[in-house]
Amino acid sequence: MPSEIAVEKKKLKNPPLELHYLGDRVLRQAAKRISKVDDELRQVVREMLQTMYSKDGIGLAAPQVGIHKQLIVIDLEPDNAANQPLVLINPTIKQVSRDICVAQEGCLSIPNVYLDVKRPEVVEITYKDEYGRPKTLKANDLLGRCIQHEMDHLNGVVFVDRVENSLTLAQELSKNGFSYQAVKPVV
């Protein structure tokens, strides 16, 4: 279910939150569950959306902006004002498909690096929306991939940790000013 939080989808010269990049310890810390959904949290959601739109993203997890809470915002159509973003609070994976697909991923915390990642094709999650209402969502394609990518951030995992071609990974990271030492492969 799309969010009811209204934020103008535009680039701000100075987004309200600061992104953290690969190599920053902040990205490796597990996020804490959110116990209270209130106006203060909804304000954080607004600021996360404004930051995501300003950086041309389609998804943003709270740890990427230094907030260690299980909170994700997603908008696969940032250029469509009518499309409402998705807000996921305390998301939990209930089920994933056995079918695996490979697709290219990128990340606001690792600008200009796009690499192939294997993920389950379909994911089913439970979460709370921005008003604390419990929800269930089954997603595939880009939305399913985006949810899994952002949920990894809540556990201190970055998409490059899942890249299997280490040579290509090392080359792409180096070309864009990131250290291969910052990668923590997920087995």
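**Exercise 1. Which residues does V73 touch, not counting residues up to four places away in sequence?**

Solution. First, the ground rules. This is a predicted model, where local features need pLDDT of at least 70, side-chain atom pairs count only at pLDDT 80 or more, and totals for chains, interfaces and linings use all residues. Residues are numbered from 1 along each chain as its sequence is written, and side-chain values use heavy atoms, with hydrogens and water left out.

Step 1. Set the cut-off: contact means heavy atoms within 4.5 Å.
Step 2. Leave out residues up to four places away in sequence, and V73 touches V45, M48, L49, M52, I58, G59, L60, L86 and V87.
Step 3. Place V73 in its core. V73 is among the residues with the most contacts inside the largest nonpolar core, along with M48, L49, L60 and L71. That core has 21 residues. A nonpolar core is a set of buried Ala, Val, Leu, Ile, Met, Phe, Trp, Tyr and Cys residues joined through side-chain atoms within 4.5 Å. Buried means under 20% relative accessible area, exposed over 50%, and partly exposed in between (1.4 Å probe, protein chains only).
Step 4. Find the contributors. α1, β2 and β3 each give two or more residues to this core. The most come from α1, with 7 residues.
Step 5. Note the other core. A second, separate one has 16 residues, including L27, C107, F178 and A182.

**Exercise 2. Work out the order of the strands in the open sheet, then place the helices across it.**

Solution. Step 1. Fix the terms. Helices (H or I, at least four residues) and strands (E, at least two) are DSSP runs, numbered from the N terminus. Two strands pair if DSSP finds at least two bridges between them.
Step 2. Read the order: 5 strands run β1-β2-β3-β6-β7, with antiparallel pairing. At the edges are β1 (59-61) and β7 (134-140), each pairing on one side only.
Step 3. Add the twist. Neighbouring strands are turned by 40° against each other on average, direction ignored. Axes are lines fitted to C-alpha atoms, for helices over the stretch in contact, and angles run from 0 to 180 degrees between N-to-C directions.
Step 4. Check one pair. β1 and β2 (residues 71-74) are joined by 3 bridges in the antiparallel sense. G59 has I74 in β2 as its bridge partner.
Step 5. Place α1 (residues 39-54). It lies across β1, β2 and β3 (86-96), at about 45° to β2.
Step 6. Place α2 (residues 141-154). It lies across β1, β2, β3, β6 (122-128) and β7, at about 120° to β7.

**Exercise 3. Is Q148 buried or exposed?**

Solution. Step 1. Locate Q148: it sits in helix α2.
Step 2. Read its relative accessible area, 6%; Q148 is buried.
Step 3. List contacts. Leaving aside neighbours within four places in sequence, Q148 is in contact with R119, P120 and V123.
Step 4. Contrast N14, in the segment before α1. N14 is exposed, at 66%.

**Exercise 4. Which residues of helix α3 (residues 166-175) are buried?**

Solution. Step 1. L169, E172 and L173 are buried.
Step 2. They cover an arc of only 95° around the axis, so they lie on the same side of α3. The arc is that of the directions from the helix axis to the C-beta atoms.
Step 3. What covers these buried residues includes β5 (110-120).
Step 4. Turn to the face away from the buried side: it carries the exposed residues L167, S174 and K175.
Step 5. Finish beyond the helix. α3 is followed by G177, whose phi is positive, near 80°.
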